[in-house]
Amino acid sequence: MLELEKLIRRIITRVNVNLREFNFKVDSYAEVLPLEQLMKFYAFYGVTGDHPLYFNFEKSNIGGSYFLGKCQIDHSVLYKCDIRGDELKRKGDVFISGEDQILIDEDESIRIRDSLLVKTLVHSHSFDPENLEEFLIQNTISAHYANIHGSPMEGCFLGTFATVDKTALHSCKIGAFAYVNTGELYHREVLPGKVWIKGSGYEFIYNHERDVLAKYINRPVPGKMPEGEIMDFVESRKKEFQTAFDTIAIGQPVIVPQNTALSRYAVVKGDTRLSENVLICQRAYLDNAWMGPGTNAQENAYIVNSKLEKNDITAHGAKIINSHLGEKIFVGFNSFIRGSEVTPLEIGDNCIVMPHTIIDLAGPLEIPANTIVWGLIKSKSDLSENSIQIKELEMVSRVSGILRKGRMTFEGSGAKFVEAFAHRIEHILEANGAYFSGQSGSRGHAQAGQVIAYNIIQPYLTGRFQGLFPTMDIKP
């Protein structure tokens, strides 16, 4: 295990140098890695006719990680990560940046260098117009269940359940349960629990109260696992994934319609039903879940004792418990939506649950249709303070000033903000194949995901290179 330990120390040193201005060291976050366990997990990659195959790595421990598409890994430690390259740009595509249209010269690849990612999702394509053909993550450490979505970064740290979305980062520290979608950040520290969205003509900021947030995700003690109710919820169910990963061939636990994709690395139990054009990704967890037409459960999503009617989006890491969702509802990254049998949650059609929202009910609650919600909601009074009707937000402009509700601040054009979300929701539904009919509508992940072949890779079990995977070079 000597070479593996040297590799981890190399990464720690490089990240510490990049973050020295914050007087912050990442050593303690690496200490929670179960080195003895890393060599026991096989990695696996998916092969389909729809994705260019380019899997190349050296001196890397990639234990338990999943790869799809054109990925290149150098000197990296990935532990139970999902690296999805199914939406990478292709040669000949046109990337639009403002008024500029940029032609893509070659197929884009995901490249991860000198980085230690723990149970992290990397997905989509780079939104950095300066580096369009390479989605690069370098000199970076991310803690448990972080999301890196279309966000190249160098010299950064991401805390537990942090999300960086469509944002290029340079020497930044992102706190636990923080969400950032701002385009680009240099040498910035984003405090835990901050939800920050900044686009062309608008800015949304919400700050979770630190003491209250600690109940759900607490600052980890150096060398120990993070704690809190969200972490407990996930960790208490992790053993149920063991069967999926220990078994090479596994039958479908439920009826899967013709145009629906259910990953063999998902957990499905109870009275779960899947409709047409549904996408269930690897490491999703369904228990007594009713998945209506065009709905999805993305990586690390949990849907328990809940019904999703139609075209609902459960983004990466979102958790929905004892809830009933109407049609076309977006539940954002790492949100924690929890009702109970005696305090159920009803969400009306066309609602937007902002990323990193916590709904943890003390009594029954119904969220009206066409509502945007955020923050922490336990009761009807919390909902009043942490929500707004979409039409009301559309009327907010720079002329009318700044909108403040509780711990949320919005400035700029509400219409542009709503338009951006509507466009994104439509893109996700189309990309997932929610509208596919066999004759009209485009094929998406729900259709292409039915024909994925999985291949496993295992590390050296003894000797100097124990725990490392052999160098591989797989090209089309």
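1. Two strands count as paired here if DSSP finds at least two bridges between them. With that in hand, a friendly walk through this model, which is a predicted one. Strand S12 (residues 134–138) and strand S15 (residues 153–154) run parallel, joined by two bridges. Within this pairing, Ile137 has Met153 of S15 opposite.

2. S12 is also worth following in the other direction. Strand S9 runs parallel to S12, and five bridges join them. Here Ile110 stands opposite Phe135 of S12.

3. Next, the six-stranded sheet. This sheet is open, its pairing is parallel, and the strands follow the order S5-S10-S13-S16-S19-S22. Strand S5 (77–79) and strand S22 (189–190) form the edges, each pairing on one side only. Inside the sheet, two bridges link strand S10 (residues 116–118) to strand S13 (residues 141–142) in the parallel sense. Leu116 is set opposite Ile141 of S13 in that pair.

4. What lies across S5, S10 and S13? The element is helix H1 (residues 2–18), and its direction makes about 100° with S5. The same helix brings us to the charged pairs. Side chains of opposite charge can pair when their charged atoms come close. The model as a whole contains 22 salt bridges. One of them joins the side chains of Asp114 and Arg10, at 2.8 Å from N to O. Asp114 sits in the loop between strand S9 (109–113) and S10, while Arg10 belongs to helix H1, so this contact ties together distant parts of the chain, 104 residues apart.

5. The other open sheet to look at has 12 strands and mixed pairing. Its order is S44-S45-S24-S23-S20-S17-S14-S11-S6-S3-S1-S46. At its edges are strand S44 (403–405) and strand S46 (453–457), each with a pairing on one side only. Direction ignored, neighbouring strands in this sheet are turned against each other by 10° on average.

6. For a close-up of that sheet, try S3 and strand S6 (residues 82–84), which pair in the parallel sense over three bridges. Phe67 and Ile83 of S6 stand opposite each other. Please also look at helix H9 (residues 414–432), which runs at about 80° to strand S24 (202–207). Helix H9 lies across S24 and several other strands, among them strand S14 (147–149), strand S17 (163–165) and strand S45 (408–412).

7. A small hairpin deserves a glance too. Strand S7 (residues 94–97) and strand S8 (residues 100–103) are antiparallel, with four bridges between them. Ser97 has Asp100 as its bridge partner in S8. Two residues lie between the strands of this hairpin, and Gly98 takes a positive phi near 65°.

8. On to the enclosed space. Rolling a probe the size of a water molecule over the atoms shows where empty space is left. How many cavities of 30 Å³ or more does the structure hold? The count is two. The largest cavity has a volume of about 160 Å³. Its lining is made of 18 residues, and those nearest its centre are Leu279, Gln282, His445, Gly449 and Ile452. At least two lining residues each come from strand S3 (66–68), strand S25 (261–262), strand S28 (279–280) and helix H10 (445–448). S3 thus appears in this lining as well as in the 12-stranded sheet. Sorted by class, the lining has 10 nonpolar, five polar and three charged residues.

9. The second largest cavity holds about 40 Å³ of space. Around it are Tyr145, Asn147, Phe161, Val234, Asn300, Tyr302, Gly317, Lys319 and Asn334. By class, the lining splits into four nonpolar, four polar and one charged residue.

10. Finally, a pocket. The second largest pocket has a volume of about 710 Å³. It is lined by 29 residues, with Phe41, Lys80, Lys119, Lys238 and Phe241 closest to its centre. Helix H5 (229–235) and helix H6 (242–246) are the elements that give two or more residues to this lining, and H6 gives the most, with three residues. The class split of the pocket lining is 14 nonpolar, six polar and nine charged.

Note on methods
Residues are numbered from 1 along each chain as its sequence is written. This is a predicted model: local features need pLDDT of at least 70, side-chain atom pairs count only at pLDDT 80 or more; totals for chains, interfaces and linings use all residues. Side-chain values use heavy atoms; hydrogens and water are left out. On a 1 Å grid over the protein atoms alone, a cavity is a set of points where a 1.4 Å probe fits but cannot get out, and a pocket is an open set with protein on both sides within 12 Å along at least five of seven lines; lining residues have an atom within 4 Å of a point. Grid points are joined across faces, edges and corners, and a volume is the space filled by probe spheres set on the points. Ala, Val, Leu, Ile, Met, Phe, Trp, Tyr, Cys and Pro count as nonpolar, Asp, Glu, Lys and Arg as charged, and the others, Gly among them, as polar. Contact means heavy atoms within 4.5 Å. Axes are lines fitted to C-alpha atoms, for helices over the stretch in contact, and angles run from 0 to 180 degrees between N-to-C directions. A salt bridge is a side-chain nitrogen of Lys or Arg within 4 Å of a carboxyl oxygen of Asp or Glu.
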